[in-house]
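User: Please give me a close look at one part of this model, and then lead me outward from there in one connected account.

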Amino acid sequence: MGSNNKFNPLNLCRENVKLLDPYTSARDEYVSNGNKMIFLDANENPNETGVNRYPDPLQRSLRTEIAILKNVTENQLLFGNGSDEVLDLLFRAFCEPNKDAVITFPPTYGMYGVLAAINSVQVHEIPLTTSFNIDIEGYRKKQYSKAKILFICSPNNPSGNLMDSMHVEEILQTFDGLVVVDEAYIDFTESQSWSNRLLEFPNLVVIQTLSKAYGLAGIRLGMLMASDQIISILQKIKPPYNVNELTQLKALERLAQKERIQKEVREIIVERKRLENALKFMPFVKEIFPSEANFVLVRVDQADQSYAQLLDQGIVVRNRSKQLHCENTLRFTIGTPNENNTLIETLNKL
Ligand SMILES: *Cc1c(COP(=O)(O)O)cnc(C)c1O
């Protein structure tokens, strides 16, 4: 691991991707001059259904809005069918199957490992400490020459805590490959996004999503922010119409509801604190892990039993007991005030 002053993502990406001549979709080629044009280029059905045309492959309207919102330039942005797709694109662009590797800090978001397995990429795990912080000594000790990508989830899922920014910075400065900071829950925190520091760290990739704080899990819109060089590599391999028209429209509509979104986020945080307080007084609760997200991880005396009892009462939570350092833990997503009342009442009766 060394200095990344000379970092160039083209040296990191797969040879076939470097050489790829991307598919150009019909809609890439025209520059609209208003509504006067006749589109006979893409074999669409000309009759209006609202969605009879292919969506904008560059998602220009959405791109403009999100660039302003996130304070990045339009060429530092890539959209995908959920963050899961942009994560997959990273593997496919940078990791040679059966050769390259990635680094994760378990326990963390399961998709990094799943995508690695799908893409036949090895995973080197550096476990978080038992309080779910990065084991920076563990990181320093290892030399992973074949590791192309390192994933940091902050706030981390399932633990809910933010990673120490000194540790993240040290990794950004010393890791030779891409450092992906997954900020799916950033909007629930007071913390600044790492996307503000893209110019400082050419190997930084930040991932966010509209699935959590923005309340749009159903439309599948994930975003990746990185240097324009990294973005152009990913743009080359992304399916041209990966973000559908309904998703683009719904996202724009929701982004206009700024105050409502902020109000919902504030309410979710207030509710999380209320749930945490209630949990403190429950005798079977052993530990409540500090969360900056819209969920809380809790250690109980018998997780499997509590899980089954809750299910019996019609409440589905996540049993995380099989994950590293998570023996006997349940993860509660914060619901509406009514749902949380029911959860608290039910837990009190267990
Ligand atoms: C929920 C979540 C995502 C979001 O994935 P989408 O595909 O955008 O819905 C990404 N990363 C983490 C850590 C998550 O918990």
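Analyst: Let's start with Phe 132, which is buried, with a relative accessible area of 1%; buried means under 20% relative accessible area, exposed over 50% and partly exposed in between, with a 1.4 Å probe and protein chains only. Before going further: this is a predicted model, in which local features need pLDDT of at least 70 and side-chain atom pairs count only at pLDDT 80 or more, while totals for chains, interfaces and linings use all residues. Residues are numbered from 1 along each chain as its sequence is written, and side-chain values use heavy atoms, leaving out hydrogens and water.

Phe 132 is in the loop between strand 3 (122-125) and helix 6. Helices (H or I, at least four residues) and strands (E, at least two) are DSSP runs, numbered from the N terminus. The backbone of Phe 132 deserves your attention too: phi is positive, about 65°, although this residue is not a glycine. Most residues other than glycine have a negative phi, and most peptide bonds are trans. Asn 71 makes a nice companion case, with a positive phi of about 60° and again no glycine. Asn 71 sits in the loop between helix 3 (60-70) and strand 1 (77-80), and at 60% relative accessibility it counts as exposed.

Helix 6 (136-141), which follows the loop of Phe 132, takes us to helix 7. Helix 6 is among the elements that cover the buried residues of helix 7, along with strand 4 (147-153), strand 5 and strand 6. Which residues of helix 7 (residues 165-174) are buried? They are His 167, Val 168, Ile 171 and Leu 172. Seen down the helix axis, these residues fall within an arc of 135°, so they line one face of helix 7; the arc is that of the directions from the helix axis to the C-beta atoms. An α-helix has 3.6 residues a turn, so residues three or four places apart point the same way. At the start of helix 7, a side-chain oxygen of Asp 164 comes to within 2.8 Å of the backbone nitrogen of Met 166. That is a polar contact, a pair of N or O atoms within 3.5 Å; within protein, one must be able to donate a hydrogen and the other to accept it, and residues adjacent in sequence count only if both atoms are side-chain atoms.

The loop between strand 4 and helix 7 is worth a stop, as it holds Pro 155 and also Pro 158. The peptide bond from Ser 154 to Pro 155 is cis, with omega near -5°. Asn 157 and Pro 158 are likewise joined by a cis peptide bond, here with omega about 20°.

Asn 157 leads us to the ligand: an N or O atom of the Asn 157 side chain is 2.9 Å from a ligand oxygen. The side chain of Tyr 185 places an N or O atom 2.6 Å from an oxygen of the ligand, and a polar side-chain atom of Thr 209 lies 2.6 Å from a ligand oxygen. Taken alone, the ligand exposes 390 Å², and the protein buries 94% of that; these areas come from the Shrake-Rupley method with a 1.4 Å probe, and for residues only the protein chains shown count as cover. Of the 13 residues around the ligand, those that come nearest are Ser 83, Tyr 185, Ser 211, Lys 212 and Arg 220, where near means that a heavy atom of the residue lies within 4 Å. The shell divides into four nonpolar, five polar and four charged residues. In that count Ala, Val, Leu, Ile, Met, Phe, Trp, Tyr, Cys and Pro are nonpolar, Asp, Glu, Lys and Arg are charged, and the others, Gly among them, are polar.

Our last stop is Leu 198, in the loop between strand 5 (178-182) and strand 6 (204-209). Leu 198 is buried, with a relative accessible area of 5%. Not counting residues up to four places away in sequence, Leu 198 touches Val 72, Gln 76, Leu 204, Met 225 and Ala 226; contact means heavy atoms within 4.5 Å. Leu 198 and Glu 44 are 154 residues apart in sequence and, C-alpha to C-alpha, 39 Å apart in space.
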